[in-house]
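Here are my notes for you, as numbered points. Keep the model open while you read, and look up each residue as it comes along.

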Amino acid sequence: MQASADSPFVLSDAVLNAQRRRVFSIKVDGARFFVKTDRVRKCHMGHRVQSLLYRASRNPLIAPTIFPDIASSMAYEVSKLARLRNKKFPVPEVVFRASRYFVTRDVGEPLHKVIGKDQENADYYALKAMRVLARLHRDEIAHGGAQLKNFTYKDESVYLIDFEENVDRAHFEDMRLRDLILFLIHAESMRFEVSYAALIGQYEAISRNAIRPCLLGIARRYRMLRLAENPLLNPFGMKDLRAFARVLTKLAALEGA
């Protein structure tokens with residue numbers, strides 16, 4: 001769709017409400033931009049359940065990081081993107097901000113879609129993404145939702161997007177570990193082969209953090225969940241749980257390696 005000619009990034013409520021997706025693209029002078037709106041309510045029953053489980057377990061993997069209102073979430077994301085760009089991290093530039101939406105420059109296609117089209121080079125893309133995440137963690141900055149869908153690929157470079165998780169008040173060590181687990185779970189859910197040894201090695205070299213013992217500790221702590229790999233459970237869904245089980249199995253295989 002084309003934005004208004006006189007004010008290219010000013011969009012009416014009617015245009016925003018007509019979109020089925022919270023994030024959609026527009027073209028201005030032949031260039032693509034992305035609009036992120038306030039149309040989706042972020043806090044729902046699942047997040048409340050997550051919050052209760054976290055209070056009971058204090059498990060950082062399920063720590064609630066969703067803002068209670070969409071306005072705070074959007075303001076936080078715009079501010080964080082500006083801070084990260086000032087630090088020269090590969091994130092999209094916010095070119096326009098309104099009360100109900102903001103606009104960013106195009107930074108390419110979501111990485112999980114790129115890998116889906118080119119699985120023979122999955123290792124290449126995953127390692128590039130891990131290097132970017134490691135750089136972020138080296139500055140003690142967490143993402144909060146480091147799944148491959150929140151990385152993009154353009155002109156041989158990987159970018160990070162979607163910084164609406166409120167991780168700044170959480171313990172960085174916990175959020176760092178969660179970023180890595182979410183990264184691996186999403187990779188496993190896509191069913192492509194990637195070297196955990198290579199990923200962890202790259203991460204440790206760039207982040208200057210020895211994360212391997214922590215990941216092995218997760219594998220030992222939750223080893224019972226590896227039972228979710230049983231094919232008999234396939235009809236019950238639980239795709240993410242089964243992916244986590246495969247992550248645990250592959251991490252356990254690194255013990256002593």
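1. Let's start with helix 5: 12 of its 17 residues are buried, so this helix is largely enclosed by the rest of the structure. "Buried" here means under 20% relative accessible area, "exposed" means over 50%, and "partly exposed" is in between, using a 1.4 Å probe and protein chains only. Helices (H or I, at least four residues) and strands (E, at least two) are DSSP runs, numbered from the N terminus. The buried residues of helix 5 are A122, Y125, A126, L127, K128, A129, M130, V132, L133, A134, L136 and H137.

2. Before going on, a word about what you are looking at: this is a predicted model, where local features need pLDDT of at least 70 and side-chain atom pairs count only at pLDDT 80 or more, while totals for chains, interfaces and linings use all residues. Residues are numbered from 1 along each chain as its sequence is written, and side-chain values use heavy atoms, with hydrogens and water left out.

3. What covers the buried residues of helix 5? The cover includes helix 3 (70-86), helix 4 (111-117), strand 6 (151-154), strand 7 (157-160), helix 6 and helix 7. You can also check the length of helix 5: at 1.5 Å a residue, its 17 residues should span 24 Å, and the end C-alpha atoms are 24 Å apart, which agrees. (The expected span is 1.5 Å times one less than the number of residues.) Right after helix 5 comes E140, with a positive phi near 55°.

4. Now try helix 7 (residues 196-207). Its buried residues are Y196, L199, I200, Y203, I206 and S207. They cover an arc of only 140° around the axis, which puts them on the same side of helix 7; the arc is that of the directions from the helix axis to the C-beta atoms. Among the elements that cover these buried residues are helix 5 (122-138), helix 6 (172-189), helix 8 (212-221) and helix 9 (239-252). The length works out here too: the 12 residues should span 16 Å at 1.5 Å a residue, and the end C-alpha atoms are 16 Å apart, which agrees.

5. Keep an eye on phi for a moment. Most residues other than glycine have a negative phi. R208 has a positive one, near 65°, and sits in the loop between helix 7 and helix 8. With 65% relative accessibility, R208 counts as exposed. K88 also has a positive phi, near 70°; look for K88 in the loop between helix 3 and strand 3. Is K88 buried or exposed? At 68% relative accessibility, K88 counts as exposed.

6. Next, find D106 in the loop between strand 4 (101-105) and strand 5 (109-110). D106 is buried, at 16% relative accessible area. Its side chain makes a polar contact of 3.2 Å with the side chain of R32, and also reaches the backbone nitrogen of G108 at 2.9 Å. A polar contact is a pair of N or O atoms within 3.5 Å; within protein, one must be able to donate a hydrogen and the other to accept it, and residues adjacent in sequence count only if both atoms are side-chain atoms. Setting aside neighbours within four places in sequence, D106 is in contact (heavy atoms within 4.5 Å) with R32, F33, F34 and K154.

7. How many aromatic pairs does a search of the whole structure find? The search finds eight. Rings of Phe, Tyr and Trp (its six-membered ring) pair if their centres lie within 6.5 Å; planes under 30 degrees apart count as stacked, over 60 as edge-to-face and the rest as tilted. F9 and F33 make an edge-to-face pair, 5.0 Å centre to centre with 70° between the planes. F9 lies in the segment before helix 1 (13-17) and F33 in strand 2 (residues 31-37), so the pair ties together parts that are 24 residues apart in sequence. Both residues count as buried: F9 at 15% relative accessibility and F33 at 6%.

8. F9 has another partner. The ring centres of F9 and F96 are 6.2 Å apart and their planes are at 35°, so this pair is tilted. F96 is in strand 3 (residues 94-97), so the pair ties together parts that are 87 residues apart in sequence. F96 counts as partly exposed, at 24% relative accessibility. F9, F33, F96 and Y101 form one aromatic cluster.

9. Finally, zoom out. The secondary structure comes to nine helices and seven strands, and 46% of the 257 residues count as buried.
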